[in-house]
Amino acid sequence: MTPQFRTVAVIGLGTMGAGIVEVFAKAGLQVYAVDGSDELAQRGRGFVTTSLGRAVSKGKLEQTAADEVLGRITFTSELTDLADADLVIEAVPEKLEIKQSIFSRLDEIVSADAVLASNTSSLSLTRIAAGTKHPRRVVGMHFFNPAPVLALVEVITTLLVSQEVVDGVRDLAIRLGKKPVVVGDRAGFVANALLITYLARAIRLYENGRVSREDLDNAGRIGIGLPMGPLTLSDLIGLDVVKEVCDVLYAATKRPSDAPPALLTNLVTAGRLGRKTGHGFYEYDKPGSGTVA
Ligand code: 3HC
């Protein structure tokens, strides 16, 4: 039977997780928003409150509607609170052991019918699923940054997942106002396999001194018609995430053009991860800001 979703949970309240919480709550679902400590859960509440406040100040949302959205969200640091969740989606850092350990704990907490979804950008969904008790209920639900704005959701299948779960998650994405695409489990899935290859190529052009960062970004934005130039977009996604996807693509293809460019690796090693740390290819006025200093 196709699952029905009323109560969902999002684990990991960074940029992506907090955005996903907002998407679910705006669509009328009850949401548990979970992070590893009360402090992190409160930081997540801050991200969601700020985003809703921005919409209110722009006249896109009534204050009462924003309050209702926030009222549907329970912020917590306890996985055991999720016993009645129909769907849990994890958006924690890209470490297989962390994701597998969360899903193993959830196997003991949620009902046998609940769906476990991963927002992974780069890891093999099959490996995540194979480490769980019920891999038939494990699926990918891959949102794009900023999650409240971008419509695409990749629903990622494995050889192990049931068709009912895939259909249910695809229908849920439509209910959220998103455009789902169903894709198989392969390195970079589909969107990142296309996008990150392009970003790596652009970073190499910059690294080789062929072009300034501003001219490169203008070429991508104005010439190719994308909303952002490749360096600005890399800073938005997070340079650590871009590198992780490069690593996964390179491991799968062994093509030198898929390997992370040296400059990208050096920026990540230096802790310059893009907007979230306030430095990347550009410098920002403060961490988390999109305003170039
Ligand atoms: N949260 C919520 N809303 C946001 C937001 C955020 N972080 N950032 C922008 N918005 C909203 C704004 O409030 C505005 O809404 P409105 O039209 O209702 O007023 C709307 O988005 C447009 O924003 P702005 O006018 O401030 O700015 P832009 O028109 O320049 O759009 C953008 C900003 C939506 C980020 C646009 O530049 C864009 O789409 N860029 C490309 C992003 C992209 O390609 N993301 C995919 C990355 S790949 C990925 O995430 C996968 C991962 O696995 C790596």
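User: Let's start with strand 5. Are its faces covered or open?
Analyst: This is a predicted model, and in it both faces of strand 5 are covered. Val115 and Ala117 sit on one side, Leu116 and Ser118 on the other, and all four are buried.

User: Okay, and how does strand 4 pair with strand 5?
Analyst: Strand 4, residues 87–90, runs parallel to strand 5, with 4 bridges between them.

User: Which residue stands opposite Ser118?
Analyst: That's Glu90.

User: Zooming out, what's the order of the strands in the sheet?
Analyst: The sheet is an open one with 8 strands, ordered 3-2-1-4-5-6-7-8, and the pairing is mixed. At the edges you'll find strand 3 (73–76) and strand 8 (179–184), each pairing on one side only. From one strand to the next, the twist averages 25°.

User: What does "mixed" leave room for?
Analyst: In general, strands of a sheet pair through backbone hydrogen bonds, either parallel or antiparallel. One parallel case here is strand 2 (residues 30–34) with strand 3, over 4 bridges. In that pair, Val31 has Ile73 of strand 3 as its bridge partner.

User: Which strands does helix 2 touch?
Analyst: Helix 2, residues 38–57, packs on the sheet and touches strand 2 and strand 3. Its direction makes about 145° with that of strand 3.

User: And helix 6, which strands does that one touch?
Analyst: Helix 6 (residues 163–175) also packs on the sheet, against strand 5 (115–118), strand 6 (138–143), strand 7 (152–157) and strand 8. The angle between the directions of helix 6 and strand 7 is about 175°.

User: Switching topic: how many residues surround the ligand?
Analyst: There are 18, and the closest are Ser121, Phe144, Asn145, Pro146 and Pro227. By class, the shell has 11 nonpolar, 4 polar and 3 charged residues.

User: Which helices supply at least two residues of that shell?
Analyst: Helix 2 does, and so do helix 7 (191–207) and helix 9 (230–237).

User: What about domains, where are their bounds?
Analyst: The domain assignment gives domain 1 as 7–184 and domain 2 as 191–277. The shell around the ligand draws at least three residues from each of them.

User: How far apart are the two domains' C-alpha centres?
Analyst: They lie 26 Å apart.

User: And how many residues are in contact across the two?
Analyst: On the domain 1 side it's 7 residues, in contact with 9 residues of domain 2. The domain 1 side has 1 nonpolar, 4 polar and 2 charged residues.

Conventions. Residues are numbered from 1 along each chain as its sequence is written. This is a predicted model: local features need pLDDT of at least 70, side-chain atom pairs count only at pLDDT 80 or more; totals for chains, interfaces and linings use all residues. Two strands pair if DSSP finds at least two bridges between them. Axes are lines fitted to C-alpha atoms, for helices over the stretch in contact, and angles run from 0 to 180 degrees between N-to-C directions. A residue is near a molecule or strand if its C-beta atom, placed from the backbone, lies within 6 Å of it. Ala, Val, Leu, Ile, Met, Phe, Trp, Tyr, Cys and Pro count as nonpolar, Asp, Glu, Lys and Arg as charged, and the others, Gly among them, as polar. Domain bounds come from an automatic or database domain assignment. A residue is buried if 20 or more other C-beta atoms lie within 10 Å of its own, exposed if 12 or fewer, and partly exposed in between; C-beta atoms are placed from the backbone.
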